[in-house]
Amino acid sequence: MQTEDVLAEFRDAGALREGHFVLSSGLHSPVFLQKNLVFMDTERCARLCKALAEKIVAAVGPVDVAISPAVGGIIPGYETARWLKVPSMYVEREGGEFKLRRGFSVEPGQKVVMVEDIVTTGLSSRECIAAIKAAGGDVVAAACIVDRSGGRADVGVPLVALATLDVPAYPADALPPELAAVPVEDPGSRRLSK
Ligand SMILES: O=P(O)(O)OC[C@H]1O[C@H](OP(=O)(O)OP(=O)(O)O)[C@H](O)[C@@H]1O
Ligand SMILES: O=C(O)c1cc(=O)[nH]c(=O)[nH]1
Ligand SMILES: [Mg+2]
């Protein structure tokens, strides 16, 4: 599956949103990939994650477990793990930091692929990978459905992206005037209060 095919799935799902969005990193962008509209269609999600699983195995060989960052990574992580035929777990924020909770654990040296939905700066991926390493896992690769950094995000391990896009994102104090004029939406979970 090529980037154009992945974009077609997002377009068909109505998930290519335009407006003014503040992203998880705090950067602002005129484009938001509303991946939940993609994943809610189980057949569409299966098509994408099957292709991602094949790309992971082609890049790094077999893995033992897939671990994702909540919330966005949970569904693609689970579905990709299903095609990889490995267990699926997730980390979630506890006091702001990603942790394995709910009885999840990794065996020392288990080969882990970290599965994300979207990579923008790679911050969430790096935080998730740090949590997996702290729990004893050997993170052999990261994977995502869309890397919107144009391939520039560095997550510290090889990143397998099903699609790579180069989408503009700006610091809050450097917004182009046409973007600053649009009311802002904050669609992610990082700044949700408990
Ligand atoms: O590469 P980054 O700059 O970290 O941005 C990408 C991250 O942002 C989104 O998560 P968010 O924190 O918005 O929460 P969500 O998973 O609940 O959507 C998305 O799911 C990725 O995890
Ligand atoms: O960087 C993000 O937070 C982000 C960008 C995007 O396009 N979609 C998403 O779910 N998160
Ligand atoms: Mg996320």
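These legends accompany close-up views of a predicted model.

**View 1. The whole protein chain holds six helices and eight strands.** Along the sequence, these elements follow the pattern α-β-β-α-α-β-α-β-β-β-α-β-β-α. The radius of gyration is 16 Å, close to the 16 Å that the globule rule gives for 194 residues, so the protein chain is as compact as a globular protein of that length. Along the principal axes, the C-alpha atoms fill a box of roughly 50 × 35 × 30 Å. Of the 194 residues, 39% are buried. Among contacts with a separation of 6 or more, 64% link residues 24 or more positions apart.

**View 2. Six strands form an open, mixed sheet.** The strand order is 5-4-3-6-7-8. Strand 5 (97-100) and strand 8 (159-164) are the edge strands, and each pairs on one side only. Neighbouring strands are turned by 25° against each other on average, direction ignored.

**View 3. Strand 6 runs parallel to strand 7.** Strand 6 covers residues 111-119, and strand 7 covers residues 138-147. Eight bridges join the two. Lys111 has Asp138 of strand 7 as its bridge partner.

**View 4. Helix 3 packs on the sheet.** This helix spans residues 42-60. Helix 3 touches strand 6, strand 7 and strand 8. The direction of helix 3 makes about 140° with that of strand 7.

**View 5. Helix 5 lies across five named strands: strand 3, strand 4, strand 5, strand 6 and strand 7.** Helix 5 comprises residues 123-134. Strand 3 is formed by residues 65-69 and strand 4 by residues 88-94. Helix 5 runs at about 160° to strand 6.

**View 6. Ligand 1 is surrounded by 19 residues.** The closest are Ser24, Gly72, Ser124, Gly188 and Ser189. Strand 6 and helix 5 are the elements that give two or more residues to this shell. Strand 6 gives the most, with four residues. By class, the shell around ligand 1 divides into six nonpolar, ten polar and three charged residues.

**View 7. Ligand 2 has a shell that includes Leu23, Ser24 and Ser25.** Phe32, Leu33 and Lys35 also surround ligand 2. So do Gly72, Ile118, Thr120, Arg148 and Gly188. The shell around ligand 2 divides into four nonpolar, five polar and two charged residues. Ser24, Gly72 and Gly188 appear around ligand 2 and are also among the closest residues to ligand 1.

**View 8. A cis peptide bond runs from Ala70 to Val71.** Its omega is near 0°. Val71 is found in the loop between strand 3 and helix 4. Helix 4 spans residues 74-84.

**View 9. Lys85 has a positive phi although it is not a glycine.** The angle is about 60°. Lys85 lies in the loop between helix 4 and strand 4. Lys85 counts as exposed because it has 8 C-beta neighbours inside 10 Å, and the cut-off for exposed is 12 or fewer.

**View 10. Arg102 is a residue other than glycine with a positive phi.** The value is near 60°. Arg102 lies in the loop between strand 5 and strand 6. With 8 C-beta neighbours inside 10 Å, Arg102 counts as exposed.

Key. Residues are numbered from 1 along each chain as its sequence is written. Chains are lettered from A and ligands numbered from 1 in the order in which they are written. This is a predicted model: local features need pLDDT of at least 70, side-chain atom pairs count only at pLDDT 80 or more; totals for chains, interfaces and linings use all residues. The radius of gyration is taken over C-alpha atoms; the globule rule is 2.2 Å times the number of residues to the power 0.38. A residue is buried if 20 or more other C-beta atoms lie within 10 Å of its own, exposed if 12 or fewer, and partly exposed in between; C-beta atoms are placed from the backbone. Two residues are in contact if their C-beta atoms, placed from the backbone, lie within 7 Å. A residue is near a molecule or strand if its C-beta atom, placed from the backbone, lies within 6 Å of it. Ala, Val, Leu, Ile, Met, Phe, Trp, Tyr, Cys and Pro count as nonpolar, Asp, Glu, Lys and Arg as charged, and the others, Gly among them, as polar. Two strands pair if DSSP finds at least two bridges between them. Axes are lines fitted to C-alpha atoms, for helices over the stretch in contact, and angles run from 0 to 180 degrees between N-to-C directions.
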